Amino acid sequence: RKLHSRDAEQQNRLPLKQVKQKFHSMDMSLKENLREIIEESANKFGMKDLRVQTFSVHFGFKNKFLASDVVYATTALMENVEKENRTDNFIKALDSLSRGNLDQLLQGLELAKKQLCAIQQTVASCICTNLVINQGPFLYCYLMEGTPDVRLFSRPISLCLLTKCLLKSFVSSTRNKRCKLLPMVMAAPMNLEQGTVIMVGTPPHTESSDKKNFFGRAFEKAAENTNSRTLHNHFDMSIIELKMEDRSKFLDALIALLS
């Protein structure tokens with residue numbers, strides 16, 4: 001660990017002591033050159049498109065937020081698994097958009113950081129333990145109960161984010177050319193008492209802007225063909241809830257449909 005930490009400091013030119021602090025507490029020399037340092041390090045590791053175009057808002061002289069960060073914060077508040085009452089979560093997420101509730105927004109940002117860290121760790125674990133399986137017409141990954149942070153991914157947006165990040169990382173790491181062109185289906189336990197799982201489908205990771213998601217209709221047809229007990233309870237039809245004992249036959253039907 002010490003060796004990796006030293007390498008990280010030397011390669012990124014960002015002392016760990018500094019990066020563990022809040023931005024406004026870092027040394028002025030680092031803050032002024034942070035963008036250049038990050039972009040230089042990104043080029044060394046072949047990382048592209050780190051910067052995104054977005055809007056920002058200032059609340060007084062101190063608080064500045066990016067629109068993208070506000071999206072992550074409100075989403076994290078809305079899908080907070082520490083609070084089971086989803087109505088309360090929605091109201092808190094809505095309240096965080098008010099200037100008078102900056103503390104709520106800051107709480108959402110902290111939750112979002114934890115969510116992104118959990119996604120990064122779960123992606124690394126899934127790839128290292130070969131949990132991504134080639135099912136023929138699509139890649140498939142199932143998070144078992146007991147997986148670290150699995151409860152976090154019982155929420156639709158969190159699971160969608162994880163699926164997209166996992167697919168992108170898998171495509172970058174695999175040598176199988178066919179796998180690079182496949183979409184992905186991912187499932188995770190949703191409610192143990194009710195015996196349900198949540199499942200999402202995402203289109204292939206390609207440079208094309210035309211990424212049609214056909215899983216909504218495919219999920220409906222697979223459920224119909226197998227009499228699987230499913231619930232299409234989301235605006236995005238590529239997200240479904242499914243009885244755990246129906247998962248195997250549903251998956252077999254989905255493979256047959258898309259082959």
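**Note on the second largest pocket and two helix pairs**

1. In this predicted model, the second largest pocket lies between domain 2 (58-129) and domain 3 (130-258), because both domains give residues to its lining. The space in this pocket comes to about 390 Å³.

2. The lining of the second largest pocket is made up of 15 residues. Those that lie nearest the pocket centre are M78, E79, R86, P156 and H234.

3. Three elements each supply at least two residues of this lining: α5 (86-95), α7 (156-173) and β8 (239-243). Of the contributions to the lining, that of α5 is the most, at three residues.

4. Sorted by class, the lining of the second largest pocket holds seven nonpolar residues, five charged residues and three polar residues.

5. Helix α7, which supplies at least two of the lining residues, also packs with helix α6 (residues 102-128). The angle between α6 and α7 is about 45 degrees, and their axes are 9 Å apart. Angles under 35 degrees would count as roughly parallel and those from 65 to 115 as roughly perpendicular; α6 and α7 are therefore oblique to each other. Their crossing is right-handed.

6. A second helix pair to check is α8 (residues 215-226) with α9 (residues 247-258). These helices pack at an angle of about 120 degrees, and their axes lie 9 Å apart. The roughly perpendicular range is 65 to 115 degrees, and roughly antiparallel applies over 145, so α8 and α9 are likewise oblique to each other. The crossing of α8 and α9 is right-handed.

Notes. Residues are numbered from 1 along each chain as its sequence is written. This is a predicted model: local features need pLDDT of at least 70, side-chain atom pairs count only at pLDDT 80 or more; totals for chains, interfaces and linings use all residues. Side-chain values use heavy atoms; hydrogens and water are left out. On a 1 Å grid over the protein atoms alone, a cavity is a set of points where a 1.4 Å probe fits but cannot get out, and a pocket is an open set with protein on both sides within 12 Å along at least five of seven lines; lining residues have an atom within 4 Å of a point. Grid points are joined across faces, edges and corners, and a volume is the space filled by probe spheres set on the points. Helices (H or I, at least four residues) and strands (E, at least two) are DSSP runs, numbered from the N terminus. Ala, Val, Leu, Ile, Met, Phe, Trp, Tyr, Cys and Pro count as nonpolar, Asp, Glu, Lys and Arg as charged, and the others, Gly among them, as polar. Domain bounds come from an automatic or database domain assignment. Axes are lines fitted to C-alpha atoms, for helices over the stretch in contact, and angles run from 0 to 180 degrees between N-to-C directions. A crossing is left-handed if the near helix is turned anticlockwise from the far one by less than a right angle, and right-handed if clockwise.
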